[in-house]
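Me: I am new to this structure and would like a close look at a single part of it, the sheet, together with whatever lies around it. Please take it slowly and explain how the pieces are placed.

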Amino acid sequence: MADYGNPAHACALVDLLDAYARDPAGGGTPLTDAVLAGLPAALAARPQAFSVIAFDGTRPVGLVNCIEGFSTFACRPLVNVHDVVVLPSHRGQRITQRMLARVEQEAIARGACKLTLEVLQGNAPALRAYEREGFAGYQLDPAFGAAVFLQKKL
């Protein structure tokens with residue numbers, strides 16, 4: 001579990017997230033200086049946020065950022081897996097699997113009813129990794145189809 005107040009963890013968090021943001025799968029654009037400087041403190045100010053960092057020795061190689069939400073249908077918390085990052089040099093080593101296992105432990109400790117995440121359709125390796133961990137498309141009634149993730153930027 002990341003400690004947002006730990007300078008090494010804060011640096012790892014922004015470095016890994018910036019690496020993901022620069023990757024085509026993350027949008028291909030680096031994080032702004034304001035995000036790089038402010039993200040650890042902003043996450044620390046939100047008790048519903050938590051992160052998992054994976055290390056290879058002392059080198060940070062993976063990150064999962066999570067935000068606790070709430071399921072009105074279950075009247076319990078849920079945990080949204082918001083960012084998943086594994087450096088290209090460490091992909092294929094099941095780091096995502098180990099980080100998601102730690103996320104699941106934390107979600108259970110928080111009384112969560114489920115984990116949610118979003119993934120781009122063209123990111124086949126990530127889709128396979130998530131499916132191996134038990135994630136599946138979301139639907140309530142097959143007649144209405146699968147849920148679609150939408151956004152509106154403000």
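Reply: What follows goes through the sheet strand by strand, then turns to the helices and to a few single residues.

The model is a predicted one, and every value below should be read with that in mind. The sheet is open and has four strands in the order 1-2-3-4, with mixed pairing. Its edges are strand 1 and strand 4, the latter covering residues 115-117, and each of these two pairs on one side only. From one strand to the next, the twist averages 30°. As background, the strands of a sheet pair through backbone hydrogen bonds, in either a parallel or an antiparallel sense.

Beginning at one edge, strand 1 (residues 49-56) and strand 2 (residues 59-71) are antiparallel and are paired over eight bridges. Two of these pairings can be picked out in the model: Ser-51 has Asn-65 of strand 2 as its bridge partner, and Asp-56 is partnered by Arg-59, also in strand 2. The two strands form a hairpin with two residues between them, and in that turn Gly-57 has a positive phi of about 70°. Although strand 1 is an edge strand, six of its eight residues are buried, so strand 1 is largely enclosed by the rest of the structure.

Moving inward along the order, strand 2 is joined to strand 3 (residues 76-86) by 10 bridges, and these strands also run antiparallel. Ser-71 stands opposite Arg-76 of strand 3. This pair of strands makes a hairpin as well, with four residues between the strands, and Cys-75 there takes a positive phi near 55°. That value is worth a pause, since Cys-75 is a residue other than glycine with a positive phi. Cys-75 lies in the loop between strand 2 and strand 3, and its relative accessibility is 58%, which is over the 50% cut-off and therefore makes it exposed.

The last pairing brings in the parallel sense, for strand 3 and strand 4 run parallel and are joined by three bridges. Within this pairing, Asn-80 stands opposite Thr-116 in strand 4. Helix 3 packs on the sheet and touches strand 1, strand 2, strand 3 and strand 4, while its direction makes about 160° with that of strand 3.

The way from strand 3 to helix 3 (95-109) leads through a loop, and Arg-94 has its place in that loop. Arg-94, although it is not a glycine, has a positive phi of about 65°. With a relative accessibility of 41%, Arg-94 counts as partly exposed, because this value falls between the cut-offs of 20% and 50%.

Thr-96 is found in helix 3, and its relative accessibility of 15% is under 20%, so Thr-96 counts as buried. When its neighbours within four places in sequence are left aside, Thr-96 is in contact with Val-84, Val-86 and Tyr-130. For a sense of distance, Thr-96 can be set beside Asp-15: the two are 81 residues apart in sequence, and from C-alpha to C-alpha they are 17 Å apart in space. Asp-15 has its place in helix 1 and is partly exposed, with a relative accessible area of 46%.

That residue leads on to the other two helices. Helix 1 (residues 7-22) and helix 2 (residues 33-44) pack with their axes 9 Å apart and at an angle of about 125°. Since that angle lies between 115 and 145 degrees, the two helices are oblique to each other. The crossing in which helix 1 passes helix 2 is right-handed. On the side of helix 1, Ala-10, Leu-13, Val-14, Leu-17 and Asp-18 take part in the contact, and they meet Val-35, Leu-36, Leu-39, Pro-40 and Leu-43 of helix 2. Sorted by class, this contact has nine nonpolar residues, no polar ones and one charged residue.

To gather up the view of the sheet, then, its order is 1-2-3-4 and its pairing is mixed, with strand 1 and strand 2 antiparallel, strand 2 and strand 3 antiparallel, and strand 3 and strand 4 parallel. Helix 3 packs on this sheet and touches strand 1, strand 2, strand 3 and strand 4.

Definitions and conventions:
Residues are numbered from 1 along each chain as its sequence is written. This is a predicted model: local features need pLDDT of at least 70, side-chain atom pairs count only at pLDDT 80 or more; totals for chains, interfaces and linings use all residues. Side-chain values use heavy atoms; hydrogens and water are left out. Axes are lines fitted to C-alpha atoms, for helices over the stretch in contact, and angles run from 0 to 180 degrees between N-to-C directions. Angles under 35 degrees count as roughly parallel, over 145 as roughly antiparallel, 65 to 115 as roughly perpendicular and the rest as oblique. A crossing is left-handed if the near helix is turned anticlockwise from the far one by less than a right angle, and right-handed if clockwise. Contact means heavy atoms within 4.5 Å. Ala, Val, Leu, Ile, Met, Phe, Trp, Tyr, Cys and Pro count as nonpolar, Asp, Glu, Lys and Arg as charged, and the others, Gly among them, as polar. Two strands pair if DSSP finds at least two bridges between them. Buried means under 20% relative accessible area, exposed over 50%, partly exposed in between (1.4 Å probe, protein chains only).
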